[in-house]
Structures are given as C-alpha cells and as structure tokens.
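Please have the sequence and the 3D view open side by side. The text below is meant to be read against both.

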Amino acid sequence: MVEDNRKAIIELIDLEKSFKQQKVLDGVNLTIREGTTMVIVGASGQGKSVLLKHMLGLLKPDRGRVLVFGRDLSTIGGKELKEVRQEYGVLFQNVALFDSMTVYDNVALPLRERTKSSEAEIRSRVEEKLALMDLQGTEDKFPAQLSGGMKKRVGLARALMLNPKIVFFDEPTTGLDVSRSNEIYRLFYKTQAQLKYTAVIVSHDVPKIFKLADYVALVAGGKVQECLTPEDFQLSQNPAIKAFVKETMGPIYSSEEEEMGFYETDQR
Amino acid sequence: MLKFMERVGDDCLYFLEQAGRMGIFLFNCLLGILRPPYKLGPTIRQLHFIGARSIFVILFTGAFTGMVLALQGYYALRKVGSEGFLGSAVGLSLIRELGPVLTALMVVGRAGSAICAEIGIMRNSEQIDALECMAIDPHKYLMAPKFIAGILSLPLLTFIFDVIGIFGGYVVGVGLFGVNEGAYFQGMYSSVDWPDIHMGIVKSLAFGLLIIWIAAAKGYFLHFERSGGFGAEGVSRTTTNAVVLSSVTILVWNYLITAILL
Ligand SMILES: Nc1ncnc2c1ncn2[C@@H]1O[C@H](COP(=O)(O)OP(=O)(O)O)[C@@H](O)[C@H]1O
Ligand SMILES: [Mg+2]
C-alpha cells in the first residue's frame, strides 16, 4: 500500500458479521484517512451497506473492531456514540427522509434538535443549503412528492447541515439518470471543497467515480480485497479486482467473452 | 420431542429478550422525558392527537355505558326494592372499573394502533436509523412527547368518561324510570369515597403508560418481530399484535391494581 501519513479517522479491524447462517463480512480490514475520499465498490449483496452500517454504529460486529477517532464503537456507551455521530453526515441508500415532514422541516431538524439556533437563523441557514442544492421552491413539499434525484439532494442537504467531519454516501446515484447523477457528483465535489469533510462513498459508477476517489476498496467474498488508489486499482493483479475491473470497465458490446457470459447465465 | 423442547427454549429466550428490550426501552424513554431541553411543541401536538381527538369517542362510549348501567341496575335493584341505590351503583362501577378500563381500551384502538404503525413504518424505512446517525435520540425526540401525552391524557379522558357516564345514568334512571333525583345524587355522593377516586386515577395513569409503552416499543422493535416485521404486512401484523397485547395487559393490570388497592 502507498504511504499516506494523514491521520486514520476510521479503522476497521478483522470485522466479522453473520446474519443467521449467512456470513456477510468475514474479516474486513480498512483504514480511512482524514480528508480523503474512500470509494467502496463491489457487486450488489456483497455487504457494502452492512459495512457502512458498522461504521455508523447501527450494527454491532460479531468479532473485530470499528475504531472511529480512536474509539471502539462496539464498546463505548450511548453518550459517547452520540458524540461520535455528531461528526457524521449520512445519505442512506433509500435516503430515509422523514416522510411526514416537509422538505424544510427535514433539513431544519438537525439545527432544531442539536443547536440552540433561533427560528430566524434556522430559516436562513436552511434556505442557503436548499439553494446550494438547487431546491428552491420545494420547502413545503413532502418527500413523497419529490423525484428520486430531488430526494437525494434533500438528503444531502440534511446530511451536510451541521458541517460534519465525515460524510457517508450509500449509492448516492443509483437509480438516477446520467445527468442527475452527474449533478449529485458535482454537488459532492463542490461541498467537499467547501467543507473539507472525509467522504466514504459506496458506488457503482465505475469508472466515473474514480475521478473523485483518493482510494478505492473492493468488497468481495466478505472481505475488502484491497484498498488502492484508483490508478493502482485498475492495474491491480489481485484476481478479484482484475475480474471486477474487467467486468465494469471492459468493453460491453461485441466482446466474445461477454457474449459467452450472457449465454451462460441465460441458460441457467 | 427434542424439537419440541427446542421450540419451548426458543420461545422462552425470545420472550426474555423481548422483555429485556422493552424494559430498557421504557427506561430510556423516561430518561428522555426527564432530560433537558424540554420542548413544548411536540408534546402539545401529541396531547392533541392522543387526548383531544379522543374526546368525541369518549363522550359517546361514556354516555352509553352510563345509560346501560342505569338500565341494568334499575331492573336488578327494583327486584330487591332498592332503586335508591342506583346512583351509587352507577357511580362506583364507572369510577372504579368501567371508566378507566373502557377509556383505556378506546385509546388503544384510536391512538395505540396509530403510534405503533407510525413508529413501525419509521423503523422499516430506516428513519429511526437516520435519527440515530444524526445524533438525535429517538427516545427523547419521538417517544418522550408521546409518553407525556399518554400519561396526562388518560386521567383526563377517564374523568370525562365518568362524568358523562354518570349523566347518562341520570338520564335513564331519573328521566326514564323516575328514580328520585335527590336519591340518585345523594346515594352517589355518600358512597363514592376518596379511595375509589384514587383507584380510578391510579388505574388511568398506569394504563396511559402501558398503552404508549406497548404501542411504541412494538413499533420500535419491529425488526425483531419473530413473525417477520417486514413491509406493509409486517407493520399491519405488528400493529394488530400491539392492540391485542395492550388490551389484554390493561385487563390483567386492572385486576391486579384492584386486588392491590382494595
Ligand atoms: N438486517 C439484515 N438481516 C439479514 N440479512 C441481511 C441484513 N442486512 C443485509 N443482509 C444480507 O447481507 C448481504 C449484504 O447486504 P448489503 O450490505 O445490503 O449489500 P450491498 O453490498 O448491495 O449493499 C445480503 O445478502 C443481505 O441479504
Ligand atoms: Mg447496499
């Protein structure tokens, strides 16, 4: 691995997690450094969301440790966990907006519950964030009345409201068309330049996402195969990574191998 | 046979786990009530939903309960020639038993089911996870206002139920059957004592806590439901379970509180 002496902000050590008989994580090791953008890739169902939920303290590992700012999430109490989470911003895979609140109230919630700001202050800060996300005029709408892309942007506005140190994105662009997903990435780029947060992104947008990544980690077979810079990742000799790179970045049409692959799966 | 033992063991474990979870949940919710900052807005909204919006149902059920009590009471008492006791019969049954119990059952149907479904859907759609990740304690933010509202509403609703029930009994007993008006109220006044009212208040406070506790915890722990807490069907099944469980618990506790206080 490349030398990087930025401070480790999240460390996963030999993480194991099973649901009933199914072993989802089987010895995951990963280090995320301050100020960097970590992109986690991998096929669906490989445990990327489960991995993220361990970093969020929503799931407890069967074995291994999750260190955030040097504190072990599975042993600290509720109060300390809350302190750690004050530095978090999270965009869930399904966005998880509060569906009986308006867009305005959703974005205002962190300010109302975590700060002592007056309603006037809250209004100006919420409106500023909504403008940044290109969401003017949606204040009084409910999440069910928004398109997928708008929901993600509201989720992003809510996640960034209190200037978090670490922001987690679980498939921020899945299900969006190309221009919408480009917009999300533009917003990500803009806000990260502004707020300087550490980012952990789960994404399928290979190779586009490589442009934003400092590091790329592949989750496969219950492990993080390797965590490399995007350039090294594409050249890696690790068989799992090679297969992934070929699968996602290789030619899609007119490749004999691809076609064979298609027929094989069709026949099953 | 071994299979059967395993089943029983599993059931016991699940039951113990569930009981432990619910105990910790209640503890955290009560802590949430006590811990500052205190916010009035959400509590008033819940008071409106659990309390104010139940008044109409309570008026209706209270009136008819009082009326049927007077009807039954009149025919029973006439046989022994003591119609004069009608007032105390109606008053005592309402204040000690029927008022708290029927009010609680009505609130379970109206508000308990709604709370369970609301929290369950929030659990299902990761809204509760989102709250936790935003470092907002769901026990304080979501549950505390409901608990306060439940514990305050029930005694008030029960009071309304009793008053309107006594009035309903008056209409039937005095208006319809011509029982002496003075005897109706005098009998009630002399037989209803402070311990009776005390019992009614204790019951309604306890039921208020129980209703919110069961409904909220069932929704909150939807993902631990053994019958599968997934999707719309999981929410509806769990809500039904919560209503049944609350109703049964209310009746059991009603007996226990009566037995202890008598
Ligand atoms: N709460 C859960 N209970 C049981 N199985 C789960 C749970 N969450 C995830 N899984 C399983 O773990 C595996 C990984 O899921 P997930 O992390 O969501 O995949 P992805 O990489 O697509 O995000 C899947 O096979 C899924 O079925
Ligand atoms: Mg996922």
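What follows takes chain A as a whole, then a metal site, and then two places in chain B.

The model is predicted. Chain A contains nine helices and ten strands. Its radius of gyration is 20 Å, close to the 18 Å that the globule rule gives for 268 residues, so chain A is as compact as a globular protein of that length. Along the principal axes, the C-alpha atoms of chain A occupy a box of roughly 60 × 45 × 40 Å. Of the 268 residues in chain A, 49% are buried. The contacts tell how the chain is folded back on itself in sequence terms: taking those in chain A between residues at least 6 apart, 64% connect residues that are at least 24 apart. The exposed area of chain A is about 13500 Å², and carbon and sulfur atoms supply 49% of that area.

Next comes the metal site. Which protein donors does the magnesium ion (ligand 2) have? They are Ser49(A), through OG, and Gln93(A), through OE1, and they lie 2.0 to 2.4 Å from the ion. These two residues come from distant parts of the chain, 44 residues apart: Ser49(A) belongs to helix α1 (residues 48–55) of chain A, whereas Gln93(A) sits in the loop between β6 (88–91) and α3 (103–114) of chain A. Ser49(A) has a relative accessibility of 22% and therefore counts as partly exposed, since buried means under 20%. Gln93(A) is also partly exposed, at a relative accessible area of 35%.

In chain B, look at helix α2, residues 40–51. This helix has twelve residues and reaches 15 Å from its first C-alpha to its last, close to the 16 Å expected at 1.5 Å a residue. Its buried residues are Thr43(B), Gln46(B), Ile50(B) and Gly51(B). Viewed down the axis of α2(B), the buried residues fall within an arc of 100°, so they line one face of the helix. Their cover includes α3 (55–79), α4 (86–124), α6 (138–176) and α8 (194–220) of chain B.

Helix α8 of chain B also holds Gly208(B). Is Gly208(B) buried or exposed? Its relative accessibility is 1%, so Gly208(B) counts as buried. Apart from its neighbours within four places in sequence, Gly208(B) is in contact with Gly150(B), Ile151(B) and Leu154(B). Gly208(B) and Val108(B) are 100 residues apart in sequence, while their C-alpha atoms are 9.3 Å apart in space.

How values were computed: Residues numbered from 1 in each chain as written. Chains lettered and ligands numbered in written order. Predicted model: local features only at pLDDT ≥ 70, side-chain atom pairs only at ≥ 80, totals over all residues. Heavy atoms only, no water. Helix = DSSP H or I, 4+ residues; strand = E, 2+ residues; numbered from the N terminus. Expected span 1.5 Å × (residues − 1). Buried < 20%, exposed > 50% of the residue type's maximum accessible area, 1.4 Å probe, protein only. Arc of directions from axis to C-beta. Contact = heavy atoms within 4.5 Å. Rg over C-alpha atoms; globule rule 2.2 N^0.38 Å. Areas by Shrake-Rupley, 256 points an atom, 1.4 Å probe, with all protein chains shown as cover. Donors = N, O, S within 2.8 Å, 3.2 Å for Na, K, Ca; no water.
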